[in-house]
Amino acid sequence: MDIAEVLKHTSPDLFIPDLEASDKTAALAGLVEGLITGTNIQNPDTILQMLQSRENLGSTAVGPGIAFPHGRTLAVQRLTILIARCPAGVDFDSEDGDPTKLFFMLIAPPQDTGHQYIKSLAALIDCIQDADLREKLLAAGDYESFCAAMTEG
Amino acid sequence: MHPQLQLLVALQDMDEMLRETEEQGEEFEGLGFKHGGLEELKKAREELASKIDPSLASWYRRLTGKFGHAVVPVVGNLCTGCFANIPSSFVSKTNVNKVQKCESCGRLLYWP
Ligand SMILES: [Zn+2]
């Protein structure tokens with residue numbers, strides 16, 4: 001799946017350029033708040049509970065300074081992706097112990113026959129392996145330039 | 001939302017996560033994710049299930065066995081499990097003291 005295809009599941013309203021969070025719990029709450037604000041999705045508690053369970057299963061901070069909180073919940077009807085940057089960094093239980101500065105949160109409905117969500121996750125993880133790109137994403141001035149950097153590599 | 005329905009939705013989300021981890025865990029692990037907390041998640045699932053009213057819990061089990069998902073969203077006045085029409089009177093009733101069931105298929109109804 002190419003990145004432009006993946007980015008169709010997000011929008012400027014689902015971009016948080018400067019998330020402030022003192023710890024993992026606060027970061028997750030901030031991400032869910034952004035999701036609720038940027039869409040007509042309801043039921044933040046259900047989404048937060050699902051994400052917390054997923055983190056208890058194993059941290060989703062698997063990239064260098066990057067986390068991919070994800071999961072399925074009845075609270076959404078289509079795959080929705082929120083992008084957030086946390087310039088100060090936050091401890092998200094990454095394996096290397098480094099703070100997390102970039103988040104791609106993928107929330108999918110229970111039924112998703114095309115497995116769009118795993119494919120999107122795979123495409124994003126593949127894309128951010130490039131260290132130069134990660135620098136560009138952290139420096140991008142707005143959503144448009146962030147997405148341009150993603151698609152141009 | 002009815003507090004019992006809130007628990008049922010959380011339970012179904014958790015069951016989905018357990019199923020996905022068991023069926024597609026390798027795919028996720030290939031992407032770098034680890035699932036060291038699986039046993040704890042199973043325990044948390046049992047703890048959550050114990051908070052659900054026994055008759056609803058057994059209904060949930062029965063429907064999950066039959067259909068895969070016991071709780072389904074109502075979209076455009078339709079049960080998304082069987083596509084039966086859900087009378088609009090149900091919507092106002094959801095705010096009172098009952099978890100609503102589809103009259104046609106019996107699935108538990110959730111208004112997203
Ligand atoms: Zn039905």
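Strand E5 of chain A (residues 100–108) is a good place to start: eight of its nine residues are buried, so the rest of the structure largely encloses it. Everything described here comes from a predicted model.

E5(A) has several partners. Strand E4 of chain A (residues 80–90) pairs with E5(A) in the antiparallel sense, through seven bridges. Within that pairing, Leu82(A) has Met105(A) of E5(A) as its bridge partner. Strand E3 of chain A (residues 70–72) runs parallel to E5(A) and is joined to it by three bridges, with His70(A) standing opposite Leu106(A). Strand E2 of chain A (residues 66–67) is also parallel to E5(A), and here two bridges make the link. Ala67(A), for its part, is matched with Phe103(A) in E5(A). As a reminder, strands of a sheet pair through backbone hydrogen bonds, in either a parallel or an antiparallel arrangement.

Chain B has a sheet of its own. Three of its strands make an open sheet, ordered E2-E1-E3, with mixed pairing. E2 and E3 of chain B sit at the edges with a single partner strand each, so each has one side left without a neighbour in the sheet. Strand E1 of chain B (residues 71–75) has four of its five residues buried, so the rest of the structure largely encloses E1(B). E1(B) runs parallel to E3(B), with three bridges between them; Val72(B) stands opposite Leu109(B), and Pro73(B) has Tyr110(B) as its bridge partner. Towards E2(B), the pairing of E1(B) is antiparallel and rests on two bridges. Val75(B) faces Leu78(B) across that pairing, standing opposite it in E2(B). E1(B) and E2(B) together form a hairpin with two residues between them, and Gly76(B) in the turn has a positive phi of about 55°.

The hairpin leads on to the metal site. The zinc ion is held by four cysteine SG atoms, those of Cys79(B), Cys82(B), Cys102(B) and Cys105(B), at 2.2 to 2.4 Å. The angles among these four donor atoms run from 105 to 112°, and the site is tetrahedral. For reference, the ideal angle for four tetrahedral donors is 109.5 degrees. Along the chain, the donors of the zinc ion are spaced as C-x2-C-x19-C-x2-C. Cys79(B) belongs to strand E2 of chain B (residues 78–79), while Cys105(B) is in the loop between helix H4 (89–93) and strand E3 (108–110) of chain B, so this pair ties together parts that lie 26 residues apart in sequence. Both Cys79(B) and Cys105(B) are buried.

Next come the aromatic contacts. Over all chains, a search of the whole structure turns up seven aromatic pairs. One of them brings together Tyr117(A) and Phe28(B), with ring centres 6.1 Å apart and planes at 50°, so the pair counts as tilted. Tyr117(A) is in helix H4 of chain A (residues 116–127) and Phe28(B) in helix H1 of chain B (residues 3–30), so the pair joins two chains. Tyr117(A) has a relative accessibility of 1% and counts as buried. Phe28(B), at a relative accessible area of 4%, is buried too. In chain A, ring pairs also link Phe15(A), Phe68(A), Phe104(A), Tyr143(A) and Phe146(A) into a cluster.

Rings meet charges as well. The charged end of Lys24(A) sits over the ring of Phe92(A), 4.8 Å from its centre. In chain B, Arg107(B) places its charged end over the ring of Phe67(B), 3.6 Å from the ring centre.

Back to H4(A), the helix that carries Tyr117(A). At 1.5 Å a residue, its twelve residues should span 16 Å, and the end C-alpha atoms are indeed 16 Å apart, which agrees. The buried residues of H4(A) are Tyr117(A), Ile118(A), Ser120(A), Leu121(A), Ala123(A), Leu124(A), Ile125(A) and Cys127(A). An α-helix has 3.6 residues a turn, so residues three or four places apart point the same way.

Terms used: Residues are numbered from 1 along each chain as its sequence is written. Chains are lettered from A and ligands numbered from 1 in the order in which they are written. This is a predicted model: local features need pLDDT of at least 70, side-chain atom pairs count only at pLDDT 80 or more; totals for chains, interfaces and linings use all residues. Side-chain values use heavy atoms; hydrogens and water are left out. Buried means under 20% relative accessible area, exposed over 50%, partly exposed in between (1.4 Å probe, protein chains only). Two strands pair if DSSP finds at least two bridges between them. Donors are N, O and S atoms within 2.8 Å of the metal (3.2 Å for Na, K and Ca); water is not among the atoms, so sites may look incomplete. Four donors count as tetrahedral if all angles lie between 85 and 135 degrees; four count as square planar and six as octahedral if opposite donors are over 155 degrees apart and all others between 65 and 115; anything else is irregular. Rings of Phe, Tyr and Trp (its six-membered ring) pair if their centres lie within 6.5 Å; planes under 30 degrees apart count as stacked, over 60 as edge-to-face and the rest as tilted. A charge sits over a ring if NZ of Lys or CZ of Arg is within 6 Å of the ring centre and within 35 degrees of the ring normal. The expected span of a helix is 1.5 Å times one less than its number of residues.
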